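Thank you all for coming. I would like to take a few minutes to walk through one model, starting from its interior and working outwards, and I will try to keep to what the coordinates themselves can support.

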Amino acid sequence: MLTRGSRTKTNAKKKQTEAEEHGVCPRHVAVIMDGNRRWAEERGLPKQAGYRAGTENIRRLIQAFAERKVECLTLFAFSTENWKRPKNEINPLFKLIGRVLDRELEALHSNGVKLVHIGDLTPLAQDLQRRIVKAIELTKDNTRMTVCVAFNYGGRAEIVDAVRRLVRDGVPEAEIDEAKISSYLGTAGLPDPDLIIRTSGEMRLSNFLIWQAAYAEYYTTPVYWPDFDETEIDQALAAYAQRGRRFGGYKDIVVTANGATSNGHAPLATPRPATNASTLPFSLLPPPC
């Protein structure tokens, strides 16, 4: 007999399968990974235990979304506002991120995962900057899946920087439109997020992808990030599949993997090659047959 929990998981997986079959699985999912400290506090553990648990969960997250054929995943790891936190909380977090990057980089690269960073690296320690730049350079030509890490990132700062570079490059006023501005953002070349997930029950965007998220669907769960598992992912994707995405029109629009739309209009974004992420053989997934 199915328990309530198993029925929920089964129903969510069924809806997600139906969504994939009808071409409404999101191409780009962005995640605000919230609740690490509260997860630790509720267990009587130090804050760093929560950050460690949250960092370890990234491995499971990438695997799960890859299996569900999401081609681009953006993770909000550290915001420009997070510098307000105590140094004894921030510094160990930076060390932890560096260790995880070193541990996972070769496996990700050897199996075709492209790593992208958005945000400002200059305030970081030189050693951590070099490691991040190395990861980006090493994986820049990979095409199987894109994992974009928003680290020391703020949406408003990103837009201000884009405007400054437009002015510096002498772009004529007549040439400045949405596409031109998008091309100056850190996410240039990536599709805008279709779905933004926030864990820990908060209902705000927190200065995350505020330009790119203009037509994104939002989903929030009370589950803290370290406990955000495959069942939660399936529920989020099932909820997304039920949304009506009209982009200002009357009829729901489904955007397929090649950028075409269900209502016969031109693609909403520059088409990119379809990615069958479920075949990714990197260490986070089972080895290929």
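What you see is a predicted model, so please take every value I quote as computed from predicted coordinates. Let me begin with the largest nonpolar core, which has 41 residues, and in which V29, V31, L61, F65, L73, L115 and I197 touch the most other members. The largest share of this core comes from helix α4, residues 87–110, which contributes 8 residues. Apart from this core there is a second, separate one of 16 residues, and its members include A30, A150, F208 and A216. As a general background to this, nonpolar side chains in soluble globular proteins tend to be buried together.

If we take one member of the larger core and ask which residues L73 is in contact with, leaving aside neighbours within four places in sequence, the list runs through H28, V29, V31, L61, I62 and F65, and then on to M145, T146, V147 and C148.

Let me now step back to the chain as a whole. The protein chain has 8 helices and 6 strands, and from the N terminus on, these elements follow the order α-β-α-α-β-α-β-α-β-α-α-β-β-α. Of its 289 residues, 45% are buried. When we consider the contacts with a separation of 6 or more, 73% of them are accounted for by residues 24 or more positions apart. As for the surface, the chain exposes about 15200 Å², of which carbon and sulfur atoms supply 53%.

I would like to look next at helix α5, which has 14 residues and reaches 20 Å from its first C-alpha to its last, close to the 20 Å expected at 1.5 Å a residue. Which residues of α5 are buried? They are L128, Q129, I132, A135 and T139, and because these cover an arc of only 130° around the axis, they are on the same side of α5. On the other side of the helix, Q126, R130 and K134 are exposed. The buried residues of α5 pack against α4, β3 and β4, the last of these being residues 145–153.

Just ahead of that helix, in the loop between β3 (113–118) and α5 (126–139), we find D120. With a relative accessible area of 36%, D120 is partly exposed, and its side chain is joined to that of T122 by a polar contact of 2.6 Å. Not counting residues up to four places away in sequence, D120 touches F151 and N152; in the case of N152, which is 32 residues apart from D120 along the chain, the C-alpha atoms of the two are separated by 5.7 Å.

A second aspartate in a loop makes a useful companion to this. D34 sits between β1 (28–32) and α2 (36–42), and because its relative accessibility is 16%, under the 20% cut-off, it counts as buried. The side chain of D34 makes a polar contact of 3.0 Å with the side chain of S200. Beyond its neighbours within four places in sequence, D34 is in contact with R198, T199, S200, E202, Y224 and W225.

Towards the end of the chain, let me turn to helix α8, residues 230–241. Its 12 residues should span 16 Å at 1.5 Å a residue, and its end C-alpha atoms are indeed 16 Å apart. The buried residues of α8 are T231, E232, I233, D234, A236, L237, A238 and Y240. At the N-terminal end of α8, the cap is provided by D229, a side-chain oxygen of which lies 3.2 Å from the backbone nitrogen of T231.

Finally, a word on backbone geometry. Most residues other than glycine have a negative phi. In this model, K69 has a positive phi, near 70°, and L209 has one of about 50°, although it is not a glycine either. Are these two buried or exposed, or in between? K69, in the loop between α3 (47–67) and β2 (72–79), is partly exposed, with a relative accessible area of 43%, whereas L209, in the loop between β5 (195–198) and β6 (217–220), is buried at 1%.

Key: Residues numbered from 1 in each chain as written. Predicted model: local features only at pLDDT ≥ 70, side-chain atom pairs only at ≥ 80, totals over all residues. Heavy atoms only, no water. Core = buried A, V, L, I, M, F, W, Y, C linked by side-chain atoms within 4.5 Å. Buried < 20%, exposed > 50% of the residue type's maximum accessible area, 1.4 Å probe, protein only. Helix = DSSP H or I, 4+ residues; strand = E, 2+ residues; numbered from the N terminus. Contact = heavy atoms within 4.5 Å. Polar contact = N/O pair within 3.5 Å; in protein donor to acceptor, adjacent residues only side chain to side chain. Expected span 1.5 Å × (residues − 1). Arc of directions from axis to C-beta. Areas by Shrake-Rupley, 256 points an atom, 1.4 Å probe, with all protein chains shown as cover.
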